[in-house]
Amino acid sequence: MYKSQKKLLPKTNKRTYKMPKATQTILEIDLTALGHNYRYIQSQLKQGSRIMAVVKAFGYGSEDVAVAKELEKLGVTYFAVAYAQEGARLREGGIQTPILVLHPQAINFDTILDKCLEPCMYSSKILEEFIAFAQKKKQKNYPVHLKFNTGLNRLGFAQSDLKYIIDSLANSEAVKACSVFSHLAASEDLQQREFTLKQLDAFAEISEELKKALPHTPFLHTLNTSGVLNYPQAHYDMVRCGIGLYGFANDIEQSAKLKPVATLKTIISQIHTLEKGDTLGYNRAFTAQKKMKTATLPLGHADGISRAYGNGVGWVRINGHKAPICGNVCMDMIMVEITDIDCKEGDEVIVFGNQTTAEKLSGAVDTISYEILTAISQRVARVITRS
Ligand SMILES: *Cc1c(COP(=O)(O)O)cnc(C)c1O
């Protein structure tokens, strides 16, 4: 920019950053919102408890490396991913913080070791396989994390495996159990409180026994985002937060304190005028009942907008107004009704963001924010912003 041009810029005291208008389908990732959510969750934690940020599935569909780098700057203690490849991506992106792999498989042990990832041990099979591998690779005290099943019945040792685990660990110097954890089945559902408290009791018993039996003190963690907010008595040493960091808490009131990180934007590619009786889209699923206008948008089910949102179930916002999806969702496009909306080709369209949140839109098809966020395909460009 030339000096003379600089003078023409309006003077403002506050540094305001206006997000650029979309010129194609993009998923905007707001790192300022991420920081807000991180600090909010931290403010809710009991003293001594820290955050393990869950950045699996490309950071809940956002942009894993950018999100992890920002969280690293904010001082996050640990990361968790589901699979080894996700941890490898973070390391390749320059992430240095410890990374727990929640669901490792034997085929990925080399990646785990190469990238200094820390596997979860959830069964006698995986424990035996990993100890044998670590011994072969001449490892000493390689960090692993013990996961216990306390009622979710998905992944984890049983309480009755304790003696076996303690003996296995005592017989090998190759690995060290750094932490002990469990996962709640219904932390967001207060009607299941009694069940959740039983899970927490079981976890307390298991971790007490291990603390006594292990030669060092493992750190303990058992809560996800909703658990953090609903069961403060179980914050322990760490909490595993995913969805909260991305702006949702499985509860409208709690979500209101957080800020959505991802905004899905697109533009109007073309506007059509339909006469009464004209049909629209595949299978002629929509028939115009009157003269009307529709806009065609460049995103479809291949981008993560499920066909379930078609035929008036889902909607987008154009210049603040709701425009329902008309007819079937195509692979690469959707059509929306804009008869009463003042707009033109090239105008920006918001699919979800601050106003229509991912939580709200996904609710229209009886699913959860997690699903729509992680469904946004890698074809959609990610754009990093700060609000
Ligand atoms: C995904 C996951 C989390 C994060 O849960 P949120 O509800 O997104 O906070 C925590 N722990 C485990 C074991 C998970 O699989």
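Aromatic pairs, strand β6 and helix α5 in a predicted model

The structure, a predicted model, holds nine aromatic pairs.

Q: Are the rings of Tyr60 and Tyr246 stacked or tilted, and at what angle do their planes lie?
A: A pair of aromatic rings is described by the distance of the centres and the angle of the planes. For Tyr60 and Tyr246 the centres are 4.6 Å apart. Planes under 30 degrees apart count as stacked, and the planes of Tyr60 and Tyr246 meet that condition, so the pair is stacked, at 15°.

Q: How many residues apart in sequence are the parts that the pair of Tyr60 and Tyr246 ties together?
A: Tyr60 belongs to helix α3, which covers residues 56-60, whereas Tyr246 is found in the loop between β9 (238-241) and α11 (252-255). The pair therefore ties together parts of the chain whose separation in sequence is 186 residues.

Q: Is Tyr246 buried or exposed, and at what relative accessibility?
A: Buried means under 20% relative accessible area. Its partner Tyr60 counts as buried at 7% relative accessibility. Tyr246 also counts as buried, because its relative accessibility is 4%.

Q: Is the pair of Phe109 and Phe133 stacked or tilted?
A: The ring centres of Phe109 and Phe133 are 5.4 Å apart, and their planes lie at 50°. Planes under 30 degrees apart count as stacked and those over 60 as edge-to-face. The angle for Phe109 and Phe133 is therefore that of a pair described as tilted.

Q: Which helices hold Phe109 and Phe133, and which residues do ring pairs link into a cluster?
A: Phe109 lies in helix α6 (residues 109-114) and Phe133 in helix α7 (residues 124-136), so this pair, with its partners 24 residues apart, links distant parts of the chain. Both Phe109 and Phe133 are buried. Ring pairs link them into a cluster whose members are Phe109, Phe130, Phe133 and Tyr142.

Q: Which residue has its charged end over the ring of Trp315?
A: A charge sits over a ring only when it is within 6 Å of the ring centre and within 35 degrees of the ring normal. Over Trp315, at 4.2 Å from the centre of the ring, sits the charged end of Lys322.

Q: How many of the seven residues of strand β6 are buried?
A: Strand β6 runs over residues 142-148 and is largely enclosed by the rest of the structure. That description follows because the number of its seven residues that are buried is six.

Q: Over how many bridges do β6 and strand β7 pair, and which residue of β7 stands opposite Lys147?
A: Strand β5 (residues 118-121) pairs with β6 in the parallel sense over two bridges, and there Cys120 stands opposite His145. The chain crosses from β5 to β6 through α7 in a right-handed β-α-β crossover, and β6, helix α8 (residues 162-170) and β7 also make a right-handed β-α-β unit. β6 and β7 (residues 175-182) pair in the parallel sense over seven bridges, and opposite Lys147 stands Phe181.

Q: Which residue with a positive phi follows helix α5?
A: Helix α5 (residues 84-92) has as its buried residues Ala84, Glu86, Gly87, Ala88, Leu90 and Arg91. Their cover includes α3, α4 (64-74), β3 (78-81), β4 (99-101) and α6. After α5, with a positive phi near 100°, comes Gly94.

Q: What percentage of the residues of the chain count as buried?
A: The secondary structure of the chain comes to 13 helices and 19 strands. Among contacts with a separation of 6 or more, residues 24 or more positions apart account for 66%. Of the 387 residues of the chain, the portion that counts as buried is 51%.

Methods: Residues are numbered from 1 along each chain as its sequence is written. This is a predicted model: local features need pLDDT of at least 70, side-chain atom pairs count only at pLDDT 80 or more; totals for chains, interfaces and linings use all residues. Side-chain values use heavy atoms; hydrogens and water are left out. Rings of Phe, Tyr and Trp (its six-membered ring) pair if their centres lie within 6.5 Å; planes under 30 degrees apart count as stacked, over 60 as edge-to-face and the rest as tilted. Helices (H or I, at least four residues) and strands (E, at least two) are DSSP runs, numbered from the N terminus. Buried means under 20% relative accessible area, exposed over 50%, partly exposed in between (1.4 Å probe, protein chains only). Two strands pair if DSSP finds at least two bridges between them. A crossover is right-handed if, with the strands pointing away from the viewer, the path from the first strand over the helix to the second runs clockwise. Contact means heavy atoms within 4.5 Å.
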